[in-house]
Amino acid sequence: MKRVLFFILLVFAVTSIFSLVLIYEDFEGSTSFPDGWTQNSSYVQNNASNANSGTYYAGMNRADDWIQLPNQDKPGDLTVWVRTSSDPDNWIMAIQKNTGSDWQNVKLVTENGAGGEISNSYSQIEAQIRENQNNVQIRFILQSRSAGSC
């Protein structure tokens, strides 16, 4: 089965209010998500031609796929590298946070077939999570996707 959408998470950091790196993940060394990460229908694969650096990367293919980080205490800004597998594709991915019972969009990332800037070349994305409380949930969720659109 051909993977139509290829969302790549690679080399990202969540910093605290005081600019300390709380978490750094490049997914190198295993095709499993690191301890504490959760996901819905997402994957880690080993393929140097698709990775930003190294050989491993994480991705999502379908609407409602998501990848969630371990809970973070007082997270600040998040930096992530993103690309699509083919160009143009047509998808919207949200970076979300949850401090209670509801997920809130922090940033929408849109592929160029859907009117955004993301293409099949890596782009660095930054999102301001900035919460001054503990146990903040952060996730990436593919909110919409339509294959073959341009």
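**Exercise 1. Determine whether Y43 is buried or exposed, and how its ring is placed relative to that of Y57.**

Step 1. Y43 has a relative accessible area of 10% and is buried; buried denotes under 20% relative accessible area, exposed over 50%, and partly exposed the range in between, with a 1.4 Å probe and protein chains only. The model is predicted, so local features need pLDDT of at least 70 and side-chain atom pairs count only at pLDDT 80 or more, while totals for chains, interfaces and linings use all residues. Residues are numbered from 1 along each chain as its sequence is written, and side-chain values use heavy atoms, with hydrogens and water left out.

Step 2. Y57 is likewise buried, at 1% relative accessibility.

Step 3. The ring centres of Y43 and Y57 lie 6.3 Å apart with planes at 90°, so the arrangement is edge-to-face. Rings of Phe, Tyr and Trp (its six-membered ring) pair if their centres lie within 6.5 Å; planes under 30 degrees apart are stacked, over 60 edge-to-face, and the rest tilted.

Step 4. Y43 belongs to strand β4 (residues 42–46) and Y57 to strand β5 (residues 56–60), so the pair ties together parts 14 residues apart in sequence. Strands (E, at least two residues) are DSSP runs, numbered from the N terminus.

**Exercise 2. Identify the aromatic cluster that contains F27, and describe the placement of F27 and W37.**

Step 1. The count of aromatic pairs comes to 3. The ring centres of F27 and W37 are 5.4 Å apart and the planes stand at 70°, so this pair is edge-to-face.

Step 2. Both F27 and W37 lie in the loop between β2 (21–25) and β3 (38–40), so the contact ties together parts 10 residues apart in sequence.

Step 3. F27 is buried at 2% relative accessible area, and W37 is buried at 9%.

Step 4. One aromatic cluster is formed by F27, F33 and W37.

**Exercise 3. State which strands pair with β8, and in which sense.**

Step 1. Of the 8 residues of β8 (residues 91–98), 7 are buried.

Step 2. β8 runs antiparallel to β11 (residues 137–145), joined by 8 bridges; two strands pair if DSSP finds at least two bridges between them. In β11, R145 stands opposite W91.

Step 3. β8 also runs antiparallel to β9 (residues 104–110), through 6 bridges. Here K107 is the bridge partner of I95, and a hairpin of 5 residues connects β8 to β9.

Methods
Helix = DSSP H or I, 4+ residues; strand = E, 2+ residues; numbered from the N terminus.
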